[in-house]
Amino acid sequence: MNSRPKLFPLIKKHSYKIPNKAELLILGILSLYKLPFEYTGQGTYVIGNKIPDFVSIKNKQIIELFGKHWHPDAKEGVQRTQFFKSAGFDTLIIYDTELTARNLGHVVNKILNFVKKRQVDSENL
């Protein structure tokens, strides 16, 4: 059976979503360091029935931003990471509580190390 009718409401629900403040901060980091990620949280890229926040199709990487409101259950991160892994994507989860002025350098390093790890893994193939 074609799953497209099931996905349409999911995409339509998110089609007007603009990045929130935390997502804009991540977008700023990605832009500043010229990292090949696109914001897809509005539903422009769907894997199965899941909409990742940021995707690098070229590097097969996803960055998910988890906040207390939308992602209160820690198990969801494990489930989403496994789901995206089964589709061939590595996933980095950043929690909104990490996005503080004091911790921003750590978040930048976390993202850069995530991207660098994939590049090193690709070179070793």
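**Close-up views of a predicted model**

**View 1. Helix H3 and its two faces in the predicted model.** Helix H3 comprises the 13 residues 74-86, which at 1.5 Å a residue should span 18 Å; the C-alpha atoms at its ends lie 19 Å apart, in agreement with that expectation. Gly77, Arg80 and Phe84 are the buried residues shown for this helix. Viewed down the axis of H3, the buried residues fall within an arc of 70 degrees and therefore line one face of the helix. In general, an α-helix has 3.6 residues a turn, so residues three or four places apart point the same way. The cover over the buried residues of H3 includes strands S3 and S4. On the face turned away from the buried side, H3 carries the exposed residues Lys75, Gln79, Gln82 and Ser86. Gly88 follows H3 and has a positive phi, near 95 degrees.

**View 2. The largest nonpolar core.** This core has 18 residues, of which Ile26, Leu30, Phe37, Ile63, Ile94 and Ile111 touch the most other members. Two or more residues are contributed by each of helix H2 (21-32), strand S3 (61-66), strand S4 (90-95) and helix H4 (104-123). H4 supplies the largest share, five residues. Leaving aside residues up to four places away in sequence, Leu30 touches Leu35, Phe37, Phe54, Ile63 and Ile111. A second, separate core consists of five residues, among them Ile47, Val55, Ile62 and Phe84.

**View 3. The surroundings of Asp53.** Asp53 is placed in the loop between strand S1 (38-39) and strand S2 (54-56). Its relative accessibility is 10%, so Asp53 counts as buried, the limit being under 20%. A polar atom of the Asp53 side chain lies 2.8 Å from the backbone nitrogen of Leu65. Apart from residues up to four places away in sequence, Asp53 touches Glu23, Glu38, Tyr39, Thr40, Gly41, Ile63, Glu64 and Leu65.

**View 4. Aromatic pairs.** The count of aromatic pairs comes to four. One of them joins Tyr39 and Phe54 in an edge-to-face arrangement, with 5.6 Å from centre to centre and 65 degrees between the planes. Because Tyr39 lies in strand S1 and Phe54 in strand S2, this pair ties together parts that are 15 residues apart in sequence. Tyr39 and Phe54 are both buried. Phe83 and Phe84 have ring centres 5.8 Å apart and planes at 70 degrees, so this pair is likewise edge-to-face. Phe83 counts as partly exposed, at 26% relative accessibility, whereas Phe84 is buried, with a relative accessible area of 0%.

**View 5. Loop residues Lys34 and Lys60, with positive phi.** Most residues other than glycine have a negative phi. Lys34 has a positive phi, near 55 degrees, and is found in the loop between H2 and S1. With 73% relative accessibility, Lys34 counts as exposed. Lys60 also has a positive phi, near 55 degrees, and is found in the loop between S2 and S3. Lys60 is partly exposed, with a relative accessible area of 30%.

Terms used:
Residues numbered from 1 in each chain as written. Predicted model: local features only at pLDDT ≥ 70, side-chain atom pairs only at ≥ 80, totals over all residues. Heavy atoms only, no water. Core = buried A, V, L, I, M, F, W, Y, C linked by side-chain atoms within 4.5 Å. Buried < 20%, exposed > 50% of the residue type's maximum accessible area, 1.4 Å probe, protein only. Helix = DSSP H or I, 4+ residues; strand = E, 2+ residues; numbered from the N terminus. Contact = heavy atoms within 4.5 Å. Expected span 1.5 Å × (residues − 1). Arc of directions from axis to C-beta. Polar contact = N/O pair within 3.5 Å; in protein donor to acceptor, adjacent residues only side chain to side chain. Phe/Tyr/Trp six-rings, centres within 6.5 Å; stacked < 30°, edge-to-face > 60°.
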